[in-house]
Amino acid sequence: MSRSRTPESRMEETPVKIVVIGGTGLIGSKLVAKLREQKHEAIAASPNTGVNTVTGEGLAEALQGASVVVDVSNSPSWEDAAVLTFFETSTRNLLQYEAAAGVGHHVALSVVGTDRLSESGYFRGKIAQEKLIRESSVPYSIVRATQFFEFLKGLADISMDGGKVHLAPVLFQPMSAEDVATGVGRVATGAPVNGVVEIAGPEPFRLNELVQRRLASLHDTREVVADPNALYSGAKISERTLLPEKDARLGETSFEVWLTQAGAQVQSAPAQGTGAEAQRKAS
Ligand SMILES: NC(=O)c1ccc[n+]([C@@H]2O[C@H](COP(=O)([O-])OP(=O)(O)OC[C@H]3O[C@@H](n4cnc5c(N)ncnc54)[C@H](OP(=O)(O)O)[C@@H]3O)[C@@H](O)[C@H]2O)c1
């Protein structure tokens, strides 16, 4: 049976130059490895490799001849104003250099629920990043992922109040960093959607319950309190704020399987938002 070939499937097979901004980070390093396995020329671009999207250092050289730029960078500081400045300056510079270099696809990693979390300083930064991308002339895809399993311990750390972890008992559908990299890689090697693609884990959990399970797996004895007033990265959340839409692409790795993998044994991913902010309570 013959099947019609989409632009997406054609591009997956043709090696191209793909610059990964934040290519030394948790998601970026996995993404670079995956793209190289597919024979693409994947460049890990970050301050550690001489490319800085805030100052513009090394950016023009890195983007020369690139077909795709994937932005999986993160702000080094999570203080509200610093996050906003980082995402605005970095994204503006990137899009400007991409337009000049003739890059045909800008892919950015964002977070499921970003548009519902404007009370959070961190998410105001992500909202600003998404807005600049939508308004730019460069064809784009915004990939919104749910929380990484690697982030669960960090979430406990920023949710401490009176010696206990306070989290709202709401639903979320986290995923492994490996599956995030796979999902972003698929979008990066496809045609721009000029919109949002959501990716998520295979099953929903209660936020407080899964963080408690993660702490138990680390023999961390901290108690997690189900606190309906607890803020998430400074924002009030309700039952479905963190859940993806029905058409989200789901990762394969379950939490149980992830716990048996190497990624679960090493240091957790840093959290989004500041501790002080996340500890603030809704009145
Ligand atoms: N945590 C979650 O659960 C979650 C969920 C959904 C989406 N996300 C999103 O995922 C993205 C990546 O997160 P991550 O945990 O993989 O990040 P990460 O491990 O903290 O890595 C951050 C990367 O950004 C780079 N970077 C920092 N400043 C830069 C600059 N001025 N120019 C260029 N690169 C710069 C760093 O480079 P150096 O190594 O050189 O410093 C590093 O490679 C973030 O945008 C976040 O919003 C996170």
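In this predicted model, helix α2 hands over the largest share of the shell around the ligand, namely 3 residues. The shell holds 29 residues in total, and the closest to the ligand are Gly22, Gly25, Ser46, Asn48 and Ser73. Besides α2 (26-37), the strand β4 (105-111) also gives two or more residues to the shell. As for chemistry, the shell splits into 15 nonpolar residues, 13 polar ones and 1 that is charged.

Since α2 turns up at the ligand, the helix deserves a look of its own. It runs for 12 residues and spans 18 Å from first C-alpha to last, close to the 16 Å expected at 1.5 Å a residue. Its buried residues are Leu26, Ile27, Gly28, Lys30, Leu31, Val32 and Leu35. These pack against four strands, β1 (17-21), β2 (41-45), β3 (68-71) and β4, and against one helix, α7 (177-188). Just past the end of α2 sits Lys39, with a positive phi of about 75 degrees.

Some of those α2 residues show up again around Val20. Ile18, Val20, Val70 and Val184 are the residues with the most contacts inside the largest nonpolar core, which counts 76 residues. Leaving aside residues up to four places away in sequence, Val20 touches Gly28, Leu31 and Val32. Val20 also touches the run from Ala42 through Ile43 and Ala44 to Ala45, along with Val70 and Val72.

Zooming out, the protein chain carries 10 helices and 12 strands. Of its 283 residues, 48% count as buried. Among contacts with a separation of 6 or more, 84% link residues 24 or more positions apart.

A second helix, α8 (residues 207-217), can be read much like α2. Here the buried residues are Leu207, Asn208, Leu210, Val211, Gln212 and Arg214. Their packing partners are a mix of helices, α6 (152-157) and α9 (255-259), and strands, β7 (164-167), β8 (171-172), β10 (205-206) and β11 (224-226). His219 follows α8 and has a positive phi, near 55 degrees.

One of those partner strands, β8, contains Leu171. Leu171 is partly exposed because 16 other C-beta atoms lie within 10 Å, short of the 20 or more that a buried residue needs. Leu171 and Leu243 sit 72 residues apart in sequence, yet their C-alpha atoms are 6.7 Å apart in space. Leu243 is also on the contact list of Leu171, together with Pro204, Arg206, Glu239, Arg240 and Leu242, once residues up to four places away are set aside.

Leu132, in helix α5 (residues 121-135), is another leucine worth a glance. With 18 C-beta neighbours inside 10 Å, Leu132 also counts as partly exposed. Beyond four places in sequence, Leu132 touches Glu88, Thr91, Arg92 and Leu95. Phe87 is 45 residues from Leu132 in sequence, with 9.5 Å between the two C-alpha atoms.

Backbone angles offer a few more spots to check. Most residues other than glycine have a negative phi, so the exceptions stand out. Asn194 is one of them, with a positive phi near 50 degrees. It is found in the loop between α7 and β9 (196-200), and is partly exposed because it has 13 C-beta neighbours inside 10 Å. Ser233 also goes positive, at about 50 degrees, although it is not a glycine. Its place is the loop between β11 and β12 (249-250). Ser233 is buried, though, because 22 other C-beta atoms lie within 10 Å.

Finally, a word on confidence. The chain averages a pLDDT of 92, and 89% of the residues score at least 70. Over residues 1-10, however, the pLDDT is below 50, and this stretch makes 4 contacts in the model beyond near neighbours in sequence. Residues 273-283 likewise stay under 50, and for them the model has 30 contacts beyond four places in sequence.

Key: Residues are numbered from 1 along each chain as its sequence is written. This is a predicted model: local features need pLDDT of at least 70, side-chain atom pairs count only at pLDDT 80 or more; totals for chains, interfaces and linings use all residues. A nonpolar core is a set of buried Ala, Val, Leu, Ile, Met, Phe, Trp, Tyr and Cys residues joined through C-beta atoms within 7 Å. A residue is buried if 20 or more other C-beta atoms lie within 10 Å of its own, exposed if 12 or fewer, and partly exposed in between; C-beta atoms are placed from the backbone. Two residues are in contact if their C-beta atoms, placed from the backbone, lie within 7 Å. pLDDT is the predictor's confidence in each residue, from 0 to 100. A residue is near a molecule or strand if its C-beta atom, placed from the backbone, lies within 6 Å of it. Ala, Val, Leu, Ile, Met, Phe, Trp, Tyr, Cys and Pro count as nonpolar, Asp, Glu, Lys and Arg as charged, and the others, Gly among them, as polar. The expected span of a helix is 1.5 Å times one less than its number of residues.
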